[in-house]
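Dear colleague,

I am handing over the structure below, and after it you will find an account of what turned up when I went through it. Please read the two side by side.

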Amino acid sequence: MSRISSRKIIKNLLNPSDSLSHRVFSGGFWTLGLRGAQSTFNIVRLIILARILAPSDFGLMGIALLTMAILDAFSQTGFQSALIQKKGDIRPYLNSAWTVLIIRATILFVILFFSAPLVASFFESPQAESMIRMIGLSMLFVGFSNIGVFLFQKELQFKKQTMYQLAGTLADFTVAIASVLILQNVWALIFGHIAGNVARFVMSYVLHPFRPRLTSDLRKTKELWGFGRWVAGSSMISFVIVQGVDIFVGKVLGVISLGVYQLANQISNLPSSEITNVISQVTFPAYSKLQSSIMTLKKAYMRTLEVTSLFVFPISGLIFVSAHDFTILILGEKWIGVIDPMRILALWGAISALAGLNGSILMAANRPDVITKLSLIKLAILLIMIYPATMAWGLEGTAMVVLISTLLITPNTYYIVAKRILGYKISTLLQCLALPSIGTVVM
């Protein structure tokens, strides 16, 4: 009997039926496998590079990626989320959306190329100029990728989505490691990043039969923009909140502190954010298909919250208590300054991971505006507190402000989702979080 059950499970994973629950389960399996593989490669890559490169090298790469992230965040269209949330056949919208994305990518490349000297001068890091231009080149591969891959998530075809994303991860890992062993410098990070985008560009046309074409009819983009503008607005604010902290640290405390902060952020937030990203990628399209069935949507959300908290809380707690030993034994004593920020950000990672689950519900319920408005409040708190805290306590003060701003805004998010969207009592949500919270404290 167990052998038959096992075969049935494997069959459903590899070839899921039309049942939404089976497709969600299969999607979760493939996405979790992808994230697990990506996390493993990223951690191994991070450890190897950290042993060879200096904190200043990570800081230089951080400047280049930060510049790209600024332009990327402030030019978001929100089209992918709009296409996923939209009911019915979205293929008539793909060519219009692809045309806009190509125009956007080309403009971003031009801006990055010509602004590189100014950015390098701002951070007083001349080496960053050529790196920024190379990062800009990689944006073109992103823009020209086959927009048909958007359908993978909407149609819950996560096996192909996994193959598409994993190709980029493997290319980044292989090229970065080979380059750092040969060059022994920061260009290994750049070459790895570019290789990842090139690999995803190629695989987007290999895996999906849709062949996009340029069009001058952009009327359908206006319809997508009605939803996407709120997603775009939220993306801009999230950039200022997350990446804006990097700009502040790099300018006020220097490139070395920026490298330390970014490493602390990556390690402490990796497990919790990866778990939430896995679940959100599956639940957003699934919730969108359940828009008309509020009772089923409520049950799905509560189960998601329970399962996520059982993973996120213990992992974040483990990072908190093992930060010192991990840093000394794995990264080396030159990274000792990362310990305290890592511990603080581990708490932030746990809270933000659970808060991130609400985004899928709000977007599926056609309320992306709530995310944007609450993010504005969070940004205001951050802007008020970050400078005095950083001047008083350094990187630890910066990390503490990031934690506090999340703590203050998260209860409001849960209140809106519970009371206005799903009709739950707050006490019901707290009961879901009680057991994993107690277990983590005991651990």
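A nonpolar core, in the sense used here, is a set of buried Ala, Val, Leu, Ile, Met, Phe, Trp, Tyr and Cys residues that are joined through side-chain atoms within 4.5 Å. Please bear in mind throughout that this is a predicted model.

The cores

With that definition, the largest nonpolar core comes to 64 residues, and the residues with the most contacts inside it are Ile63 and Ile132. Helix H3, which covers residues 55–73, gives the most to this core, contributing 10 residues. If neighbours within four places in sequence are left aside, Ile132 is in contact with Ile63, Ala64 and Thr67, and also with Leu112, Ala116 and Val119. Apart from this core lies another, of 54 residues, which includes Leu101, Val149, Tyr424 and Leu429.

Aromatic pairs and charges over rings

The count of aromatic pairs comes to six. In one of them, Phe141 and Phe201 meet edge-to-face, with 5.8 Å from centre to centre and 70° between the planes. Because Phe141 lies in helix H6 (residues 128–143) and Phe201 in helix H9 (residues 187–207), this pair ties together parts that are 60 residues apart in sequence. Both members count as partly exposed, Phe141 with a relative accessible area of 26% and Phe201 at 24% relative accessibility.

The rings of Phe248 and Tyr387 have their centres 6.3 Å apart and their planes at 80°, so this pair is edge-to-face as well. Phe248 belongs to helix H10 (residues 219–252) and Tyr387 to helix H14 (residues 368–393), so the contact between the rings ties together parts that are 139 residues apart in sequence. Here the two members fall on either side of the 20% cut-off for burial: Phe248 is buried, with a relative accessible area of 16%, whereas Tyr387 is partly exposed, with a relative accessible area of 47%.

Phe109, Phe113 and Phe114 form one aromatic cluster, and the charged end of Arg133 sits over the ring of Phe113, 4.5 Å from its centre. A further charge is that of Lys251, which lies over the face of Phe122 at 4.6 Å from the ring centre.

A buried arginine

Is Arg104 buried or exposed? With a relative accessible area of 15%, Arg104 is buried, because the value is under 20%. Arg104 lies in helix H5, residues 91–122, and, once its neighbours within four places in sequence are left aside, Arg104 is in contact with Asp72, Ser75, Gln76 and Thr77.

Two helices checked for length

Helix H13 (residues 339–364) has 26 residues, which at 1.5 Å a residue should span 38 Å, and its end C-alpha atoms are 38 Å apart, so the two values agree. Of the 26 residues of H13, 20 are buried, so this helix is largely enclosed by the rest of the structure. H13 is followed by Asn366, whose phi is positive, near 60°.

Helix H8 (residues 158–183) also has 26 residues and should span 38 Å at 1.5 Å a residue; its end C-alpha atoms are 36 Å apart, which agrees. After H8 comes Gln184, and its phi is positive, near 60°.

With best regards

Note on methods: Residues numbered from 1 in each chain as written. Heavy atoms only, no water. Helix = DSSP H or I, 4+ residues; strand = E, 2+ residues; numbered from the N terminus. Buried < 20%, exposed > 50% of the residue type's maximum accessible area, 1.4 Å probe, protein only. Contact = heavy atoms within 4.5 Å. Expected span 1.5 Å × (residues − 1). Phe/Tyr/Trp six-rings, centres within 6.5 Å; stacked < 30°, edge-to-face > 60°. Lys NZ or Arg CZ within 6 Å of the ring centre and 35° of its normal.
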